[in-house]
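Q: Got a minute to walk through a structure with me? I'd like to go element by element and ask as we go.

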Amino acid sequence: MSYADLAASARGNIGPFCRACPVCDGRACAGVMPGPGDKGTGRVAERNWRAWQDLCVNMDTLHGPFSADARATVLGRELSLPVMVGPVGDVQRHYGDSYDTVSYNRCVLTAAAGEGTLAWTGDGLDAAIMEEACGLVGELGGAGVPTVKPWDEATLGEKLDQALAARPAAVAMDIDAAGLPFLRGQVPPAGAKSAAQIAEVAARCHDAGVPFVLKGVMTARAAERAADARVDAIVVSNHGGRVLDGTPATAAVLPGIVDAVGDRVEVLVDGGVRSGLDVLRALALGARACLVCRPFVVAAFGGGEDGVRAFIRELRSGLQDAMEMCGAATVGDVTRELLWG
């Protein structure tokens, strides 16, 4: 099953907000919230996607034959490819009733683990979302990354207890979720966090022997503050355009962030990555790995666990093909020299 096949199968099953487009480029759902769209003018998700397409690569097949090795070490774990499934916090609200958040998390966590990578789970106002996600991660021997929102101190403490008890591959916080309209004025409250507060969360995770990842970093200055707070990794992310209109594409800011902190923390990226070639582009700009979110929801709605596994294999195969056509035998060989211009 190709992604196009999975999208066709998902249509009529995933609505009403997501169109399950053959290419998830952010155009058909622009500004659609609730749903998978982005905030305001609805241009950021498409901007994310288009920025990857605008990066041309240097083809070089003047080399001996080899089979590209897509394996990568991320957060201390060897993954079969430098791609992880990004988190979704409320599947039913945004995508339809075929999955609730628990069944969706089980689907992607199991599929990702079966393909040698990791899925991240989301968080939400319903406390059961985090509790049940952490239970699933624990069942899989820690093969997952629970992602907590930037809640108030008491709520955050409870959620960290649940996450760390699962002994996960890492714990993440999507700090940019402070701007989600669904969390404004709600209980429990969520909001911005200072570098000192992030340092406390990181220290708590380290005390439990678990890496901590800060998702939602879009400037070199913020990346430096995160590194000073001793996070283990950051995700360059604008939350798919869902928290602030008018932000630049993640591909545009990634190189500067890598140059600023890439020797201190692992730099991951999300936003508009849709193919193995896009993954190569992200690696060439300095990312350690990518998160992909919306297309995996479509894959789950179109083919269940088998569909998610099929899309992971499609990304891995596409990455290997791009590596071989650019002369990169391993992901470590993917550098900015592979980009044209």
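A: Sure, here is a chat about the sheet, a few helices, the salt bridges and some backbone oddities. Keep in mind that this is a predicted model.

Q: Let's start with the sheet. How many strands form it, and in what order?
A: There are 8 strands in an open sheet, running β3-β10-β9-β8-β7-β6-β5-β4, and the pairing is parallel.

Q: Which strands stand at the edges?
A: β3 (83–85) and β4 do. Each has a single partner strand, so one side of each is left without a neighbour in the sheet.

Q: How many bridges pair β3 with β10?
A: The two pair in the parallel sense over 3 bridges, with β10 covering residues 289–292. Within that pairing, methionine 84 stands opposite leucine 291 of β10.

Q: And what does helix α6 touch on the sheet?
A: Helix α6 (residues 153–165) packs on the sheet and touches β5 (145–148) and β6 (171–174). The direction of α6 makes about 145° with that of β6.

Q: Staying with the strands, where is lysine 215?
A: Lysine 215 sits in strand β7, which spans residues 212–217.

Q: Buried or exposed, that lysine 215?
A: Buried: lysine 215 has a relative accessible area of 4%.

Q: What is lysine 215 in contact with?
A: Leaving aside neighbours within four places in sequence, the contacts of lysine 215 include Asp174, Asp176 and Asp270, and also Trp120, His239 and Leu291. That Leu291 is the residue standing opposite methionine 84.

Q: New topic: helix α1. Which residues of α1 are buried?
A: In α1 (residues 3–10), they are Tyr3, Leu6, Ala7 and Ala10. Seen down the helix axis, the buried residues fall within an arc of 100°, so they line one face of α1.

Q: Why would residues spaced like that point the same way?
A: An α-helix has 3.6 residues a turn, so residues three or four places apart point the same way.

Q: What do the buried residues of α1 pack against?
A: They pack against α11 (294–326). From the α11 side, glycine 302 is a handy example, as it lies in that helix. Glycine 302 touches Leu6, Ser9 and Ala10, not counting residues up to four places away in sequence. At 12% relative accessibility, glycine 302 counts as buried.

Q: What does glycine 12 do just after α1?
A: Glycine 12 takes a positive phi of about 90° there.

Q: Which residues that are not glycine have a positive phi?
A: Alanine 20 is one of them, with phi of about 50°, and arginine 230 has a phi of about 70°. Alanine 20 lies in the loop between α1 and α2 and is buried, with a relative accessible area of 0%. Arginine 230 is in the loop between α8 and β8 (233–236), and at 61% relative accessibility it counts as exposed.

Q: Where are the cis peptide bonds in the loop between α1 and α2?
A: One joins glycine 15 and proline 16, with omega about 0°. Another runs from methionine 33 to proline 34, with omega near 0°. Proline 16 lies in that loop between α1 and α2 (44–53), and proline 34 is found there too.

Q: On to charges. How many salt bridges are in the whole structure?
A: A search finds 16.

Q: Which residue does glutamate 115 form a salt bridge with?
A: Arginine 316, and the closest N and O atoms are 2.8 Å apart. Glutamate 115 lies in the loop between α4 (101–114) and β4 (120–121) and arginine 316 in helix α11, so the pair ties together parts that are 201 residues apart in sequence. Both glutamate 115 and arginine 316 are buried.

Q: Which residues are linked in a network with those two?
A: Arg309 and Arg313 are linked with Glu115 and Arg316 in a network of salt bridges.

Q: What about aspartate 228, what does its side chain meet?
A: The side chain of aspartate 228 meets that of arginine 264 in a salt bridge, 2.6 Å from N to O. Aspartate 228 is in helix α8 (residues 220–228) and arginine 264 in the loop between α9 (250–261) and β9 (266–269), 36 residues apart. Aspartate 228 is exposed, at 53% relative accessible area, while arginine 264 counts as partly exposed at 43%.

Definitions and conventions:
Residues are numbered from 1 along each chain as its sequence is written. This is a predicted model: local features need pLDDT of at least 70, side-chain atom pairs count only at pLDDT 80 or more; totals for chains, interfaces and linings use all residues. Side-chain values use heavy atoms; hydrogens and water are left out. Buried means under 20% relative accessible area, exposed over 50%, partly exposed in between (1.4 Å probe, protein chains only). Helices (H or I, at least four residues) and strands (E, at least two) are DSSP runs, numbered from the N terminus. The arc is that of the directions from the helix axis to the C-beta atoms. Contact means heavy atoms within 4.5 Å. A salt bridge is a side-chain nitrogen of Lys or Arg within 4 Å of a carboxyl oxygen of Asp or Glu. Two strands pair if DSSP finds at least two bridges between them. Axes are lines fitted to C-alpha atoms, for helices over the stretch in contact, and angles run from 0 to 180 degrees between N-to-C directions.
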